[in-house]
Amino acid sequence: MNPILLSAATCAAALLSTGAMAAPPEPKPLSAQTRANLEAAMHGEAYANLKYLRYADQAEAAGKPELARLFRESANIEANEHFDREAQALQLGGANSANLEDAMAGEHYENVTMYIDFARQAEADGDTKVAAMFRQIAVDEGTHYEAYKAALAKLSPR
């Protein structure tokens with residue numbers, strides 16, 4: 001056998017046998033409170049991102065491009081830095097099937113429970129336009145649910 005190949009094979013065997021090439025240990029699971037805090041922070045960052053984009057549109061329409069730029073820059077940081085770092089810490093996301101199942105659960109809840117309850121409450125309070133909006137959004141959430149369900153079915157082996 002070629003001496004160089006023999007030396008390389010010996011080194012590889014030594015590395016494998018000592019565990020030098022083993023995967024790093026799994027990180028310690030996050031506490032329930034840390035997970036809850038990350039989720040709350042992510043909700044806040046996502047809301048701020050969209051709120052600042054709306055403010056930017058309003059500033060632009062009012063002829064204030066510098067103010068619009070400030071809101072857009074802040075919105076970008078909220079979503080693409082803060083939210084992203086928190087999502088990584090939470091280890092948000094996984095296999096496509098798990099992501100679809102999670103999305104389906106959220107959309108189903110919004111479709112059949114959350115927005116329906118919101119609509120009933122708005123109607124009881126006399127806010128009929130908002131109630132109608134909630135009902136329309138509930139329908140949209142059902143459409144999202146069905147789309148995710150179809151995507152999941154396509155992932156499943158036949």
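This is a short walk through the fold, the salt bridges, one buried charge, one unusual loop residue and the largest pocket of a predicted model.

Let's start with the overall picture. The protein chain has 5 helices and 0 strands. From the N terminus, then, the order reads α-α-α-α-α. Of the 158 residues in the chain, 18% are buried. Now the contacts. Take those between residues at least 6 apart in sequence: 60% of them join residues at least 24 apart.

Next, helix α5. It covers residues 128-155, which is 28 residues. From first C-alpha to last, α5 reaches 41 Å. The expected figure at 1.5 Å a residue is 40 Å, so the two are close. Which residues of α5 are buried? They are Ala131, Phe134, Ala138, Glu141, Gly142, Tyr145 and Leu152. And what do they pack against? The partner is α4, residues 96-124.

On to the salt bridges. The count comes to 5. I'll take three of the pairs in turn.

Pair one is Arg72 with Glu60, at 3.2 Å from N to O. Arg72 sits in helix α3 and Glu60 in helix α2, so this pair ties together parts that are 12 residues apart in sequence. How accessible are the two ends? Arg72 is partly exposed, at 32% relative accessible area. Glu60 is also partly exposed, at 40%. This pair has company, too. Asp57, Glu60 and Arg72 are linked in a network of salt bridges.

While we are at α2, look at Tyr55. Tyr55 is in that helix. It is partly exposed, with 32% relative accessibility. Tyr55 and Phe71 are 16 residues apart in sequence, yet their C-alpha atoms are 6.6 Å apart in space.

Pair two is Glu81 with Arg85. The closest N and O atoms are 3.7 Å apart. Both residues lie in helix α3, 4 residues apart, about one turn of the helix. An α-helix has 3.6 residues a turn, so residues three or four places apart point the same way. Accessibility splits this pair. Glu81 counts as partly exposed at 36%, while Arg85 counts as exposed at 54%.

Pair three is Arg120 with Asp117, at 3.3 Å from N to O. Again, one helix holds both: they lie in α4, 3 residues apart, about one turn. Asp117 is partly exposed, at 38% relative accessible area.

Now for a charge without a partner. Glu78 is in helix α3, residues 65-90. Glu78 is buried, yet has no salt bridge. Where is the nearest side chain of opposite charge? That is Lys51, 9.0 Å away. The cut-off for a salt bridge is 4 Å, so Lys51 at 9.0 Å does not qualify. What does Glu78 touch, leaving out residues up to four places away in sequence? The list is Glu45, Ala48, Asn49, Tyr52 and Phe83.

Move along to the end of that helix. Gln91 is in the loop between α3 and α4. Its phi is positive, about 60 degrees, although Gln91 is not a glycine. Is Gln91 buried or exposed? Exposed, with a relative accessible area of 56%.

Last topic: the largest pocket. How much space lies in it? About 460 Å³. The lining counts 17 residues, and the closest to the centre are Met42, His43, Phe83, Leu92 and Asp102. Note Phe83 in that group. We met Phe83 a moment ago, as one of the residues that Glu78 touches. Which elements give two or more residues to the lining? They are α2 (32-61), α3 and α4. The largest share, 7 residues, comes from α4.

So helix α4 has come up several times. It packs against the buried residues of α5. It holds the Arg120 and Asp117 pair. And it gives the largest share of the pocket lining.

Helix α3 keeps coming back as well. Arg72 reaches from α3 to Glu60 in α2. Glu81 and Arg85 pair within α3. Glu78, buried and without a salt bridge, is in α3 too.

That's the tour.

Methods
Residues are numbered from 1 along each chain as its sequence is written. This is a predicted model: local features need pLDDT of at least 70, side-chain atom pairs count only at pLDDT 80 or more; totals for chains, interfaces and linings use all residues. Side-chain values use heavy atoms; hydrogens and water are left out. Buried means under 20% relative accessible area, exposed over 50%, partly exposed in between (1.4 Å probe, protein chains only). Contact means heavy atoms within 4.5 Å. Lys and Arg count as positive and Asp and Glu as negative; His and the chain ends are not counted. On a 1 Å grid over the protein atoms alone, a cavity is a set of points where a 1.4 Å probe fits but cannot get out, and a pocket is an open set with protein on both sides within 12 Å along at least five of seven lines; lining residues have an atom within 4 Å of a point. Grid points are joined across faces, edges and corners, and a volume is the space filled by probe spheres set on the points.
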